[in-house]
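Reader: I should like to learn how the terms used for this structure are justified. May I ask you to take them one at a time?

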Amino acid sequence: MTLARQTFSWWEPANRLTILIFHRVLPTRDALWPDEWVAQEFELVCRWMSDWFQVIPLAEAAERLAAGSLPPRAACITFDDGYADNQALACPILLKHGLCATFFVSTGFLDGGRMWNDTITEAVRLTRREVLELRGPRLGLLNEVAMQTAETKRSSLRALIRLIKHLQPGARADAVAELLEAAGLSEQDLPTNLMMSSEQVRSLRAAGMQIGAHTVHHPILATLGDSDAEREIASSREHLEGLLGQRVPLFAYPNGRPGEDYLQRDVALVKRLGFSAAVTTAPGVARAGTDRFQLPRFTPWDRSRLKFGLRLARQLVTSAPSAAV
């Protein structure tokens with residue numbers, strides 16, 4: 001047994017499941033999102049996970065967690081949203097290390113779409129204005145946001161996303177439109193290749209990866225009425241099942257914080273619609289008694305092997321047995 005496996009072997013008898021969450025893997029550092037993972041770092045994470053854990057498909061892991069038959073050091077890797085770099089960069093690295101992952105796709109952005117937060121990011125990146133004057137009904141609270149440097153752009157970007165994130169879909173679209181106007185940009189100025197194509201989703205599945213549903217438009221489910229929430233969840237799965245020609249048993253709640261971003265109503269919807277398991281962004285490690293429709297996920301943000309591993313180990317000690325809504 002390697003030293004790394006010896007370090008983690010003390011919890012082996014327990015029926016515990018570590019699930020990592022990622023969104024993007026970039027070729028190089030992004031000045032606006034400097035904490036986002038780049039390919040070289042993700043390769044290191046894959047190497048560490050291969051050394052320390054038995055990485056298994058999420059659908060299998062959820063079943064074995066409920067049955068109490070997880071292997072020692074069980075772990076899963078997941079990606080949310082459906083970015084094109086998941087297939088172009090993350091998948092080859094996963095395959096190189098013999099690992100599988102589950103990719104949760106918001107179907108409304110496939111084939112040239114763009115998530116609202118990426119529209120904000122790209123507007124901030126591309127604007128030539130040093131100050132954005134925000135006078136509209138949705139963003140007027142901020143009044144003015146600075147764009148002079150990468151640092152001020154990062155600060156302004158975080159403030160804009162905080163303000164817009166929990167608006168209902170229609171109001172959120174209006175706020176994004178206000179921002180584009182203030183930035184002196186139009187939809188035609190923005191990239192259309194950030195999200196996966198349908199063919200890339202099929203390519204991931206053909207490579208042995210799992211595909212899960214993540215709603216159509218990535219709304220905060222807690223802000224929606226019952227029928228709209230059900231439509232977002234069910235339609236995303238139907239789209240993916242039509243695309244892949246097979247059942248899609250897994251779901252990820254957008255944003256994923258229990259009680260803030262999704263409600264017990266949404267957990268009941270996921271169960272009634274016939275999903276096998278669902279994941280949140282509540283931090284922790286799943287164990288006996290964890291609701292398989294509220295599996296916790298987290299990722300240590302550390303870039304060193306020692307700190308990354310220590311934070312994983314700490315979660316195994318401190319995580320709660322289940323998420324609550």
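Author: Certainly. A helix here is a DSSP run of H or I with at least four residues, and helices are numbered from the N terminus. Please note that the model is predicted. Helix 10 covers residues 264-272, and Gly274, just after helix 10, takes a positive phi of about 95 degrees.

Reader: Which residues of helix 10 are buried?

Author: The buried residues are Asp266, Val267, Leu269 and Val270. The word "buried" requires a relative accessible area under 20%.

Reader: What puts these residues on the same side of helix 10?

Author: They span an arc of only 160 degrees around the axis, and therefore they lie on the same side of helix 10. The general rule is that an α-helix has 3.6 residues a turn, so residues three or four places apart point the same way.

Reader: What covers the buried residues of helix 10?

Author: The cover includes helix 9 (226-244), strand 8 (250-252) and strand 9 (277-279).

Reader: Why does Asn117 count as buried?

Author: Asn117 has a relative accessibility of 19%. The limit for a buried residue is under 20%, so Asn117 meets it. Asn117 belongs to helix 5, and its contacts, leaving aside neighbours within four places in sequence, are with Tyr83 and Ile161.

Reader: Why does Pro258 count as partly exposed?

Author: The relative accessibility of Pro258 is 22%. Partly exposed residues fall between the limit of 20% for buried and that of 50% for exposed, and Pro258 is therefore placed in that class. Pro258 sits in the loop between strand 8 and helix 10. Its C-alpha is 6.8 Å from that of Ala282, although these two residues are 24 apart in sequence.

Reader: Is Ser156 buried or exposed, and how do you know?

Author: Ser156 has a relative accessible area of 7% and is therefore buried, as the cut-off is under 20%. This residue is part of helix 6. Not counting residues up to four places away in sequence, Ser156 touches Val145, Ala146 and Met147.

Reader: How many residues of strand 1 are buried?

Author: Seven of its seven residues are buried. On one side stand Arg16, Thr18, Leu20 and Phe22, and on the other Leu17, Ile19 and Ile21; both faces are thus covered. In a regular strand, side chains alternate between the two faces of the sheet.

Reader: What makes strand 1 and strand 3 a pair?

Author: Two strands pair if DSSP finds at least two bridges between them. Strand 1 and strand 3 have six bridges, in the parallel sense, and so they qualify as a pair. One of these bridges joins Phe22 to Phe79 in strand 3.

Reader: How many bridges link strand 1 and strand 10?

Author: Strand 1 and strand 10 (residues 286-287) have two bridges and run in the antiparallel sense. The requirement is at least two, so these strands also count as a pair. Here Arg16 stands opposite Arg287.

Reader: In what sense do strand 4 and strand 7 pair?

Author: Strand 4 (residues 102-105) pairs with strand 7 in the parallel sense over four bridges, and Phe104 faces Gly212 in strand 7. Strand 7 (residues 210-213) has both faces covered, with Gln210 and Gly212 buried on one side and Ile211 and Ala213 buried on the other.

Reader: What lines the largest pocket?

Author: Its lining has 43 residues, and those nearest its centre are His23, Trp33, Glu36, Lys165 and Asn255. The space in this pocket is about 1,500 Å³. Helix 5 gives the most to the lining, with six residues. By class, the lining has 18 nonpolar, eight polar and 17 charged residues.

Reader: How much space lies in the second largest pocket?

Author: The second largest pocket holds about 240 Å³. Its lining residues include Gly108, Phe109, Trp116, Arg172 and His217. Helix 7 supplies the largest share of this lining, four residues. The lining divides into six nonpolar, three polar and three charged residues. Gly108 is in the lining, and it is placed with the polar residues because Gly is counted in that class.

How values were computed:
Residues numbered from 1 in each chain as written. Predicted model: local features only at pLDDT ≥ 70, side-chain atom pairs only at ≥ 80, totals over all residues. Heavy atoms only, no water. 1 Å grid on protein atoms, 1.4 Å probe; cavity = no way out; pocket = protein on both sides within 12 Å on 5 of 7 lines; lining within 4 Å. Points joined across faces, edges and corners; volume = space filled by probe spheres on them. Buried < 20%, exposed > 50% of the residue type's maximum accessible area, 1.4 Å probe, protein only. Arc of directions from axis to C-beta. Contact = heavy atoms within 4.5 Å.
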